[in-house]
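This briefing covers the binding site of a ligand and the metal atom it carries. The sequence and structure come first, then the notes.

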Amino acid sequence: MQQYHPPIYVLAFCTLLTTLVLIFVGGLVTGTDAGMAVPDWPTTFGDNMFLYPLSQMVSGLLVWIPDDLATNLGQGILTKPIQEALNIDENILSSTSTVQVVEKDQAWKIHDPVANRFYTILRQEDRLGVYVHGVLFEHSHRLLGTLVGLLTIATTISIWIYNSVKQLKWISALALLAVIIQGLLGGLRVIENSIVLAIIHASFAPISLAFFTSLVLLTSKKWSQSPPTTDVSQVHRLAIFASGLIYVQLILGAILRQTAQHLSAHILVAILVAMHIILIVRRVFLDMQTFSGFVGLAMLMGSVVILQMALGIGAWYSEFQLGERMPYMLRTAITSGHHFLGVLLFMLSFIFTLDVLRHPSGETTSSGLSELGQIKSG
Ligand code: HEM
Ligand code: HEM
């Protein structure tokens with residue numbers, strides 16, 4: 001009997017899909033500069049994060065302050081009473097913050113350059129509501145992170161109970177470990193208010209994704225059957241190298257996004273990535289045409305890399321040339337789209353790599369990976 005349990009596969013698949021949504025929302029958190037929108041962790045503004053009201057998540061209300069502070073705000077300067085009014089729990093407003101009048105007597109904006117946070121203050125009846133920018137994305141990202149954690153626990157437990165393949169059990173345990181580390185890195189990034197940790201958190205995300213992708217492939221029906229014996233070893237090294245290059249590119253992208261530095265390295269690696277994907281597409285069309293799966297995947301990678309290069313140029317133009325002059329929504333869409341497509345390209349290349357490695361090479365009859373999905377259940 002072969003190793004295929006549909007419920008485990010579905011669970012692994014749901015975990016992967018939720019992770020992709022989580023990564024997309026993570027990109028929006030960075031894209032909207034909302035990394036420090038919620039200044040504490042694991043609590044949210046001092047409360048249990050699961051009980052944080054949905055209404056406040058949408059509006060991002062931080063606190064109500066007395067109406068008479070409007071006079072201070074109207075002068076466009078940060079006075080002591082305003083600063084004190086905003087110093088609540090973990091939230092400390094730096095004295096270098098600036099105040100901007102958006103609408104006379106009605107709306108003001110405060111920017112704290114130290115924490116890189118924006119506050120919007122709105123007059124509402126006889127009091128002023130202080131709203132923090134980006135709470136919706138940041139808090140949804142945390143909740144989704146928790147959901148991914150729970151789904152991973154369920155997948156791992158199911159695999160340990162119902163699947164006897166030792167390697168698969170260990171991969172599921174490592175996936176769980178990866179998600180715990182990823183969550184901790186996210187939390188520490190907030191507690192420490194650290195850009196370095198934001199980069200590490202972003203760079204570790206594809207590793208978690210790679211584990212979930214492996215679990216989906218290894219628990220799938222296709223992987224429970226023997227792969228065709230055709231030799232595809234000529235593309236093994238190319239596939240591994242392309243995946244490695246894309247991963248390096250994601251790290252360079254994270255550094256670039258957080259620090260606006262090393263653009264030239266990012267462009268150089270982008271060219272290398274594109275070249276390697278072209279080589280893969282060429283190889284697949286020359287030697288592997290009979291495998292419709294590989295052809296489809298290679299074509300998809302080719303299309304994604306073209307779109308990604310175009311979005312990269314768009315991201316460069318919007319962030320490094322136009323800046324504030326480009327509409328905020330468009331800028332966010334381009335940079336977040338570029339982030340997500342980059343991660344997607346990594347996932348596709350990783351799937352391609354695992355799939356070619358599963359096929360036995362010319363000399364051996366069966367590779368380690370091909371055995372993984374097929375070992376009989378006990
Ligand atoms: C499995 C769990 C998680 C995954 C896969 C994940 C993934 C990501 C990704 C891909 C980004 C975008 C990075 C970028 O664009 O540079 C991000 C951003 C972020 N994540 Fe997570 N995350 C997870 C859990 C968490 C948790 C539990 C927190 C807790 C607070 C968190 C806090 C953040 C913050 C603050 C950012 C914005 C970083 C910044 O730009 O300053 N994440 N996450
Ligand atoms: C294979 C091609 C490429 C891949 C896989 C890729 C991937 C990425 C990723 C994943 C990010 C965001 C990282 C994060 O937020 O954690 C990023 C950022 C960026 N990339 Fe690329 N990139 C590619 C090509 C390019 C090209 C050709 C350019 C420009 C000519 C470019 C310009 C940028 C810029 C300007 C940013 C920062 C955007 C911001 O500040 O929000 N990229 N890249």
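**Ligand 1 and its iron site**

In this predicted model, a polar side-chain atom of R189 lies 2.6 Å from an oxygen atom of ligand 1. R189 is also among the closest of the 25 residues that surround ligand 1, together with T30, H141, H201 and R257.

**Polar contacts**
- In the side chain of R257, an N or O atom is 2.8 Å from an oxygen atom of ligand 1.
- H201 places a polar side-chain atom 2.8 Å from a nitrogen atom of ligand 1.

**Iron site**
- The iron atom of ligand 1 has two protein donors, NE2 of H141 and NE2 of H201, lying 2.0 Å from it.
- H141 belongs to helix α5 (residues 135-162) and H201 to helix α7 (residues 195-218), so the pair ties together parts that are 60 residues apart in sequence.
- The site of the iron atom is octahedral, with angles of 88 to 179° among its six donor atoms.
- H141 counts as buried because its relative accessibility is 19%, and H201 is buried with a relative accessible area of 18%.

**Shell around ligand 1**
- Helices α1 (6-31), α5, α6 (166-192), α7 and α9 (236-259) each supply at least two residues of the shell.
- The most comes from α6, which gives seven residues.
- By residue class, the shell divides into nine nonpolar, twelve polar and four charged residues.
- Ligand 1 lies between domain 1 (1-58 + 136-227) and domain 3 (230-359), because both give residues to its shell.

Methods:
Residues are numbered from 1 along each chain as its sequence is written. Chains are lettered from A and ligands numbered from 1 in the order in which they are written. This is a predicted model: local features need pLDDT of at least 70, side-chain atom pairs count only at pLDDT 80 or more; totals for chains, interfaces and linings use all residues. Side-chain values use heavy atoms; hydrogens and water are left out. Donors are N, O and S atoms within 2.8 Å of the metal (3.2 Å for Na, K and Ca); water is not among the atoms, so sites may look incomplete. Four donors count as tetrahedral if all angles lie between 85 and 135 degrees; four count as square planar and six as octahedral if opposite donors are over 155 degrees apart and all others between 65 and 115; anything else is irregular. Helices (H or I, at least four residues) and strands (E, at least two) are DSSP runs, numbered from the N terminus. Buried means under 20% relative accessible area, exposed over 50%, partly exposed in between (1.4 Å probe, protein chains only). A residue is near a molecule or strand if one of its heavy atoms lies within 4 Å of it. A polar contact is a pair of N or O atoms within 3.5 Å; within protein, one must be able to donate a hydrogen and the other to accept it, and residues adjacent in sequence count only if both atoms are side-chain atoms. Ala, Val, Leu, Ile, Met, Phe, Trp, Tyr, Cys and Pro count as nonpolar, Asp, Glu, Lys and Arg as charged, and the others, Gly among them, as polar. Domain bounds come from an automatic or database domain assignment.
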